[in-house]
Amino acid sequence: MDEPKRITIQYRVPYADTDQMRVVYYANYLAYFERGRNELLRHGGTTYRDLEAMGYALPVAEAHVDYHAPAAYDDLLDITAWVGGLKGVRLTICCEVRRDGQLLAGGYTVHALVNLKTLRPARPTAELKAKLGLAECGGV
């Protein structure tokens with residue numbers, strides 16, 4: 001299997017992302033995953049807007065996060081995303097969040113590829129498949 005297309009973006013944690021304990025609120029990691037997913041699509045030559053124009057939507061069917069260490073206000077995070085698999089109409093996007101190389105959180109989201117008008121499952125076109133690199137999520 002070819003090496004997956006991986007992208008890494010940086011994100012500085014704003015105060016609004018933290019909780020009363022002054023660490024990043026756990027649910028915000030899913031928003032970080034979404035940031036990575038958006039940029040992964042863009043890196044592959046498409047955006048959510050493009051997908052919608054092609055008649056697709058990508059609702060989340062499953063989300064999983066393993067938390068390893070906390071992030072805090074003003075930390076500079078590296079968010080890495082890659083396609084973990086495309087099986088039928090199920091697209092898995094894997095993500096890792098790191099600070100100075102230390103893994104803080106890792107996981108994945110599974111999306112159902114659906115027809116935007118009918119909201120019924122829709123198989124991806126060859127064009128869409130060509131924009132996605134495939135790999136396993138590994139230990140996450």
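Here, a residue counts as buried when its relative accessible area is under 20%. Keep that in mind for the close-ups below, which come from a predicted model.

**View 1. Strand E5 is mostly covered.** Of the 10 residues in E5, eight are buried. The strand spans residues 90–99 and pairs with E4 (residues 76–87) in the antiparallel sense, with nine bridges between them. On its E6 side the pairing is antiparallel too, this time over 10 bridges.

**View 2. Here is the open sheet that E5 belongs to, with five strands in the order E1-E4-E5-E6-E3.** The pairing is antiparallel. E1 (6–12) and E3 (60–67) sit at the edges with a single partner strand each, so one side of each has no neighbour in the sheet. Going from one strand to the next, the twist averages 20°.

**View 3. Zoom in on E4 and E5 and you find a hairpin with two residues between the strands.** Gly88 is the one to look for in this hairpin, as it takes a positive phi near 65°. Along the paired strands, Asp78 stands opposite Arg98 in E5.

**View 4. E5 and E6 make a hairpin as well, again with two residues between the strands.** Asp100 has a positive phi here, near 50°. For a cross-strand pair, pick out Arg90, which stands opposite Ala112 in E6.

**View 5. Helix H1 packs on the sheet.** Which strands does H1 touch? The helix, residues 28–43, touches E1, E3, E4, E5 and E6, the last of these being residues 102–112. The direction of H1 makes about 135° with that of E1. From its first C-alpha to its last, the 16-residue helix reaches 23 Å, close to the 22 Å expected at 1.5 Å a residue. Just past the end of H1 comes Gly45, with a positive phi of about 100°.

**View 6. Now for the buried residues of H1 and what covers them.** Among the buried residues are the aromatic ones Tyr29, Tyr32 and Phe33, along with Leu40 and Leu41. Asn28, Gly36 and Arg37 are buried as well. What lies over these residues? The cover includes helix H2 (48–53) together with strands E1, E3, E4, E5 and E6.

Notes: Residues numbered from 1 in each chain as written. Predicted model: local features only at pLDDT ≥ 70, side-chain atom pairs only at ≥ 80, totals over all residues. Heavy atoms only, no water. Pairing = 2+ DSSP bridges. Helix = DSSP H or I, 4+ residues; strand = E, 2+ residues; numbered from the N terminus. Axes fitted to C-alpha atoms, helices over the stretch in contact; angles between N-to-C directions. Contact = heavy atoms within 4.5 Å. Buried < 20%, exposed > 50% of the residue type's maximum accessible area, 1.4 Å probe, protein only. Expected span 1.5 Å × (residues − 1).
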